[in-house]
Amino acid sequence: RRLQQVAMGAAAMLGALARMDRPPATLQGLALLSTSTPSAASSVDLTGLDARFSRYLITFDALVPATNNDTLSVRTSGDGGSSFDSGGTDYGYTGMQTYAGLGSASFVASTGDTKVLLHSMNAVSSTASNGGISGRIELLAPAQATGYHHMLFNAVWHAESSGGVLSNAHGGAARRSSAAVNALRLYFAGGNITSGTVRVYGVQA
């Protein structure tokens with residue numbers, strides 16, 4: 001009986017270790033759908049965000065702008081990425097930015113804009129060694145047929161204009177339409193994306 005208990009304990013431990021070795025996407029109930037590695041690209045277009053999942057998680061790692069002091073923005077599409085919404089009041093957003101060592105914070109907000117601006121002051125350095133901008137966007141209920149479409153975002157980066165100061169932004173946004181959202185575009189306002197990685201996950205219920 002003692003040997004049986006030891007064997008059962010060992011089996012349980014091996015099972016726990018096996019679960020720990022699984023990729024984070026499995027542990028967190030995420031399904032990796034695509035990976036993009038832009039190089040001198042004007043944007044990253046993420047398509048196929050259909051009704052298979054109730055929400056989508058987009059992560060972006062070390063996106064470096066070709067133009068110094070640039071800002072990262074998002075637009076949505078309802079036609080699979082053939083065109084992206086850019087009307088003057090298509091989006092609303094609100095968020096807070098904080099800056100290490102400066103003892104200050106600011107807001108990024110609009111009740112009507114042509115894009116979702118993820119940050120404003122202390123824009124992203126084009127110096128690759130500063131790490132670009134990294135973060136995530138969560139698109140909520142993209143296939144719903146009524147009401148505005150919401151998303152959450154956060155990002156971290158070093159700003160060239162403030163001596164390389166570490167900056168952070170987090171907030172929420174809305175596509176001010178009831179039409180389904182099935183694609184997103186990430187882009188820098190002033191020029192190309194030099195390098196980085198963007199991943200799309202479906203969030204499993």
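Is E160 buried, exposed or partly exposed? In this predicted model, E160 is partly exposed, because its relative accessible area is 31%, between the 20% and 50% cut-offs. E160 sits in the loop between β9 and β10. Its contacts, leaving aside residues up to four places away in sequence, are N68, N69, A123, S125, T127 and N130. The C-alpha atom of E160 is separated by 7.3 Å from that of N122. Along the chain, E160 and N122 are 38 residues apart.

Two open sheets are described next. One open sheet has 8 strands, in the order β1-β12-β3-β8-β9-β10-β5-β6. Pairing in this sheet is antiparallel. Its edge strands are β1 (30–36) and β6 (104–113), and each pairs on one side only. From one strand to the next, the twist averages 15 degrees.

Several pairings within the 8-strand order can be detailed. At one end, β1 pairs with β12 (residues 193–203) over 6 bridges, in the antiparallel sense. Here S36 stands opposite V198 of β12. Further along, β3 (residues 55–65) and β8 (residues 133–140) are joined by 7 bridges. These two strands run antiparallel. I58 has I137 in β8 as its bridge partner. On to β9 (residues 149–159), β8 again contributes 7 bridges, and the two strands run antiparallel. I133 stands opposite W157 in β9.

The other open sheet has 4 strands. Their order is β2-β11-β4-β7, and the pairing is antiparallel. β2 (44–47) and β7 (116–117) are the edge strands, each pairing on one side only. Within this sheet, β4 (residues 72–77) runs antiparallel to β11 (residues 183–188), and 6 bridges join them. R75 stands opposite R185 in β11.

R185 also takes part in a side-chain interaction. The structure holds 7 salt bridges. One of them joins R185 to D45, with the closest N and O atoms 2.7 Å apart. R185 belongs to β11 and D45 to β2, so this salt bridge ties together parts that are 140 residues apart in sequence. R185 counts as partly exposed because its relative accessibility is 26%. D45 falls in that class too, because its relative accessibility is 34%.

A second salt bridge links R55 and E138, whose closest N and O atoms are 2.9 Å apart. R55 lies in strand β3 and E138 in strand β8. The pair links distant parts of the chain, 83 residues apart. These are the strands joined by the 7 bridges noted above. R55 is partly exposed, because its relative accessible area is 33%.

A third salt bridge brings together the side chains of D85 and R175, at 3.0 Å from N to O. D85 lies in the loop between β4 and β5 (91–99), and R175 lies in strand β10 (residues 165–175). The pair therefore ties together parts that are 90 residues apart in sequence. Is R175 buried or exposed? R175 counts as buried, because its relative accessibility is 11%, under the 20% cut-off. D85 and R175 do not stand alone: salt bridges that share partners join D85, D90 and R175 into one network.

The nonpolar interior was examined next. The largest nonpolar core has 37 residues. Which of them touch the most other members? They are I58, F60, V116, I133 and I137. β9 gives the most to this core, with 5 residues. Two of these well-connected members, I58 and I137, are bridge partners. I133 is the residue that stands opposite W157 in β9.

F60 has contacts spread along the sequence. Residues up to four places away are not counted here. F60 touches L72 and L118. It also touches I133, S134, G135, R136 and I137. The remaining contacts of F60 are N154, A155, L186, T197 and V198. I133 and I137, both touched by F60, are themselves among the core members that touch the most others. V198, another contact of F60, is the residue opposite S36 in the pairing of β1 with β12.

Technical notes. Residues are numbered from 1 along each chain as its sequence is written. This is a predicted model: local features need pLDDT of at least 70, side-chain atom pairs count only at pLDDT 80 or more; totals for chains, interfaces and linings use all residues. Side-chain values use heavy atoms; hydrogens and water are left out. Two strands pair if DSSP finds at least two bridges between them. Axes are lines fitted to C-alpha atoms, for helices over the stretch in contact, and angles run from 0 to 180 degrees between N-to-C directions. A salt bridge is a side-chain nitrogen of Lys or Arg within 4 Å of a carboxyl oxygen of Asp or Glu. Buried means under 20% relative accessible area, exposed over 50%, partly exposed in between (1.4 Å probe, protein chains only). A nonpolar core is a set of buried Ala, Val, Leu, Ile, Met, Phe, Trp, Tyr and Cys residues joined through side-chain atoms within 4.5 Å. Contact means heavy atoms within 4.5 Å.
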